[in-house]
Amino acid sequence: MKNLIERKSYLDQLTMWREKEMIKVVTGVRRCGKSTLFELFMERLKADGVSDEQIVFVNLEDEDFSELLNYKKLHEYVNTKIIKNKWMYVFIDEIQNCMEYERAISSLYLKNNIDIYITGSNAYMLSGELATKLAARYIEIDMLNLSFAEFSEAVAISDKRERFFQYMNMGSFPYSTHLIDNSLAHSQYLEGIYNTVLVKDVMERSGLSDITLVKSIVRFLASNIGSPVSAKKIADTLTSNGRPTGSTTVDNYLAALTDAYLFYKVYRYDIKGKIHLKSEGKYYCCDTGLRNMILGTVNMDIGHQIENIVYLELLRRGYTINIGKSGRGGEIDFIATRDKKTEYYQVSASVIDENTLKRELESLKYIKDNYPKFLITLDDFKADYDGILQINLIDWLSGAL
């Protein structure tokens, strides 16, 4: 077995749901490691005494399985592999490539002793196809690219700060760790992912056709990471640049981009009024390296890049995330909730400048509850400002805090 990066948190989730009467659906942007996760989990099963004959693996991106793109053929193929009176573990990769796949999955689900695991690269399968047929009978595991801790295990860069800037600039698609010393190959690799996601997971899945328009919207989102964005604002910008576009059209493309896990949308929440706001939200890219490739930049706009990284890490750690509106119109970068507990986060590259520190602390100080409040920076010192803890981003990402 080739040397693979262990994705322990995801493996543990699959183990937790093993042989439970739920379909395990692993979702995430292409090349984030879903297929590798299946490889790792199958090895874990074998180490636990499961035989090769009890495991059925189908990769619907592989030409060897092209006949199974019909749901009846897929169902028939799995059926022929079943061994009576034994647990069977069925893994189907990129399930959305099979037309009406939900009919095959729902039928297999009814059989005894079949443990089903599927992956997909588009969220539409959950909001539409699968949800209709299998409501309340599946659990979703949203898979992200490598965490900084995982990236650190895979690369031979001893200096943690240098390692972090590689992580930020190159991004964290798993195969990127093999291209640390080859920037040209890395750029080509990211461009290949980007074009495949746009064509297969955005355009084809949504039925949209204007590739030039979608690339313009992607560049707008990538340029405005961490800034409030609305479909109207994007449409107005495109129109003023000579590309007349309506907000409804932009909305359709935004939905397709988030369905493909290329971007994540975060909504605003009024802390005092305890209500979600319908005003502009923020978008974060699935990978900072991909964002840099799209914009043709590196080591630029560090504040927004690290904000993007903090968002993804909070998501990775299982938090539900909103943008906060506090007293006097102040903004909180992230309100993170998990297990009915809330934490507040501000993110800044540095707060050595007194005015910057004052600005970052001000919104947090207006929050009157006693939930933990954090200021995350790249500064090498810690501090406590009346209960607001300043912590170092790299240490936080490494799990050292």
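**Close-up views of a predicted model**

**View 1. Glutamate 100 is partly exposed, with a relative accessibility of 39%.** The structure shown here and in the views below is a predicted model. Arginine 103 is also counted as partly exposed, at 37% relative accessibility. The two side chains, glutamate 100 and arginine 103, meet in a salt bridge with an N to O distance of 3.2 Å. Side chains of opposite charge can pair when their charged atoms come close. In total, the structure holds 25 salt bridges.

**View 2. A salt bridge joins arginine 161 to aspartate 380.** The closest N and O atoms of this pair are 3.7 Å apart. Arginine 161 belongs to helix 7 (residues 160-170), whereas aspartate 380 sits in the loop between strand 11 and strand 12, so the salt bridge ties together parts that lie 219 residues apart in sequence. Arginine 161 has a relative accessible area of 32% and is partly exposed. Aspartate 380 counts as exposed, with 68% relative accessibility.

**View 3. Lysine 232 and aspartate 236 form a salt bridge within helix 10.** Their side chains meet at 2.8 Å, N to O. Both residues lie in helix 10 (residues 231-240), and because they are 4 residues apart there, about one helical turn separates them. Aspartate 236 is partly exposed at 41% relative accessibility, while lysine 232 is exposed, its relative accessible area being 53%. Elsewhere, salt bridges with shared partners link Glu6, Lys8, Asp12 and Arg44 into one network.

**View 4. Helix 1 (residues 8-16) has Tyr10, Leu11 and Leu14 as buried residues.** These residues span an arc of only 100° around the axis, which places them on the same side of helix 1. Strands and helices both pack against the buried residues of helix 1. The strands are strand 1 (23-27), strand 4 (114-120) and strand 5 (138-142). The helices are helix 2 (34-47) and helix 13 (302-316).

**View 5. Helix 14 comprises 12 residues, from 354 to 365.** From its first C-alpha to its last, helix 14 reaches 16 Å, close to the 16 Å expected at 1.5 Å a residue. At the start of helix 14, a side-chain oxygen of aspartate 353 comes to within 3.1 Å of the backbone nitrogen of asparagine 355.

**View 6. Helix 14 has a buried side made up of Thr356, Leu357, Glu360, Leu361, Ser363 and Leu364.** Viewed down the axis of helix 14, these buried residues fall within an arc of 160°, so they line one face of the helix. Exposed residues Glu354, Asn355, Lys358 and Arg359 are carried on the face turned away from the buried side. The elements covering the buried residues of helix 14 include strand 9 (331-338) and strand 10 (341-347). Also among them are strand 11 (373-377), strand 12 (383-385) and strand 13 (388-392).

**View 7. Asparagine 322 is placed in strand 8 (residues 320-325).** With a relative accessibility of 13%, asparagine 322 counts as buried. Glycine 281 is 41 residues away from asparagine 322 along the chain, and 9.0 Å separates the C-alpha atoms of the two residues.

Conventions:
Residues numbered from 1 in each chain as written. Predicted model: local features only at pLDDT ≥ 70, side-chain atom pairs only at ≥ 80, totals over all residues. Heavy atoms only, no water. Helix = DSSP H or I, 4+ residues; strand = E, 2+ residues; numbered from the N terminus. Expected span 1.5 Å × (residues − 1). Buried < 20%, exposed > 50% of the residue type's maximum accessible area, 1.4 Å probe, protein only. Arc of directions from axis to C-beta. Contact = heavy atoms within 4.5 Å. Polar contact = N/O pair within 3.5 Å; in protein donor to acceptor, adjacent residues only side chain to side chain. Salt bridge = Lys/Arg side-chain N within 4 Å of Asp/Glu carboxyl O.
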